[in-house]
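Student: Please take a close look at one part of this model for me. I would like the helix that is enclosed by the rest, set against the whole chain.

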Amino acid sequence: MSAKPRILSGMRSTNDRLHLGNYEGALRNWVELQDQYDMFCMVADWHVLTTAADAEVHPDIAANSLAIAKDFIAAGIDPAKSAIFRQSDVPEHAELALLLGMVVGVGKLETNPTFKEKASEVTGDHIVSYGLLGYPVLQAADILLYKPFGVPVGKDQAPHLELSRDIARSFNHLFGEVFPMFKDLIPSDESRSKLPGLDMRKMSKSYDNCIYLSDSAEETAKRIKQAYTTPTKIAKTDPGIPEGCAVCQYLKLYSPDWERQWAEDRAGERGCSQSKQELTEVLNEYLRPMRERRAGITDADVEDILQEGAKRARLVAGETMYEVRKAMKLIK
Ligand code: TRP
């Protein structure tokens with residue numbers, strides 16, 4: 001048994017690859033916290049179905065989940081320290097979600113901003129599912145099963161965590177103190193968590209403006225070549241505006257020399273292609289350890305790690321479920 005406080009987090013396996021924004025906004029924090037805490041990293045595959053079950057093209061969730069777990073490991077989550085598991089391998093998540101559903105008001109779920117937004121995107125013959133409404137209940141179950149000290153997530157998840165605490169309080173009030181409160185562990189470094197896409201919009205697969213953790217060094221170089229820079233800087237001697245240039249924003253994060261690079265850009269003393277070249281070098285160096293770890297593992301290794309992770313998760317989840325069933329007088 002580990003004496004370290006436990007933490008848990010998760011990401012949905014909506015697609016088959018994580019991007020640099022996912023890493024800087026959340027995953028990097030997980031990697032940093034795993035020495036200090038007993039970390040549980042979950043691939044939320046059931047959560048994919050809250051928006052995908054009714055989609056035109058149903059994603060290959062099994063393949064995606066394996067790929068996302070591989071991204072976790074490549075990013076530096078060490079399976080020798082942290083449990084990496086798939087939500088659907090731990091059926092206790094479904095049981096607790098069902099039971100927590102008995103203490104959550106429908107009104108609270110209907111007014112949840114994420115639900116309203118997702119429900120408003122549903123068009124045509126598609127349905128607003130009970131599963132989508134229950135998204136935060138399943139997330140609350142994911143968290144509360146592990147009685148974590150904290151939950152490291154990106155800033156966007158703060159409202160969901162608040163709702164999870166709400167659900168825990170309602171349960172405790174009705175059935176006795178089963179679930180301790182937990183903290184949000186949100187990275188404080190805004191410049192990292194707000195890493196823009198290569199076109200300066202939010203980094204998102206749908207905008208095709210991402211650098212993926214699984215991209216090769218050549219792919220990364222190619223993507224950087226196409227990145228958005230100051231549109232009025234045509235000749236090398238034209239002044240740049242680093243604040244609005246994607247390449248300069250990335251240099252600020254990844255290049256120790258960024259202040260000089262920015263000054264030269266502003267003064268028209270350097271061309272955008274030089275900045276792109278220098279960014280390619282520093283970013284590929286930054287991503288090198290991830291690529292090395294990725295090259296060292298097979299899909300079969302990842303599957304073994306997930307099985308092992310699920311065993312560890314079920315040990316904790318099983319204990320909590322026993323308490324929950326007792327508290328609800330389902331068992332003696
Ligand atoms: N909702 C989270 C996201 O979209 C994923 C998630 C599911 C999660 N269950 C969780 C995050 C439990 C933290 C804890 O990224």
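Tutor: The protein chain exposes about 16000 Å². Carbon and sulfur atoms supply 54% of that area. The model is predicted. Of the 332 residues, 49% count as buried.

Now take helix 8, residues 135-144. Ten of its ten residues are buried, which means under 20% relative accessible area. The helix is therefore largely enclosed by the rest of the structure. The buried residues include nonpolar ones such as Val 137, Leu 138, Ile 143 and Leu 144. Tyr 135, Pro 136, Ala 140 and Ala 141 are buried too. So are Gln 139 and Asp 142.

Helix 8 belongs to a chain with 15 helices and five strands. Residues 24 or more positions apart account for 78% of the chain's contacts with a separation of 6 or more.

Next, the largest nonpolar core. This core has 48 residues. Leu 20, Leu 27, Trp 30, Phe 72, Ile 84 and Tyr 250 have the most contacts inside it. Strands 1 and 2 each give two or more residues to this core, as do helices 1, 3, 12, 14 and 15. Helix 1 supplies the largest share, seven residues.

Finally, overall dimensions. The C-alpha atoms fill a box of roughly 80 × 45 × 35 Å along the principal axes. The radius of gyration is 22 Å, which agrees with the value near 20 Å for a compact globule of 332 residues. As for charge, the mean positions of the 42 positive and 49 negative charges are 3 Å apart.

Technical notes
Residues are numbered from 1 along each chain as its sequence is written. This is a predicted model: local features need pLDDT of at least 70, side-chain atom pairs count only at pLDDT 80 or more; totals for chains, interfaces and linings use all residues. Side-chain values use heavy atoms; hydrogens and water are left out. Buried means under 20% relative accessible area, exposed over 50%, partly exposed in between (1.4 Å probe, protein chains only). Helices (H or I, at least four residues) and strands (E, at least two) are DSSP runs, numbered from the N terminus. The radius of gyration is taken over C-alpha atoms; the globule rule is 2.2 Å times the number of residues to the power 0.38. Contact means heavy atoms within 4.5 Å. Accessible areas come from the Shrake-Rupley method with a 1.4 Å probe; for residues, only the protein chains shown count as cover. Lys and Arg count as positive and Asp and Glu as negative; His and the chain ends are not counted. The place of a charge is taken as NZ of Lys, CZ of Arg, CG of Asp or CD of Glu. A nonpolar core is a set of buried Ala, Val, Leu, Ile, Met, Phe, Trp, Tyr and Cys residues joined through side-chain atoms within 4.5 Å.
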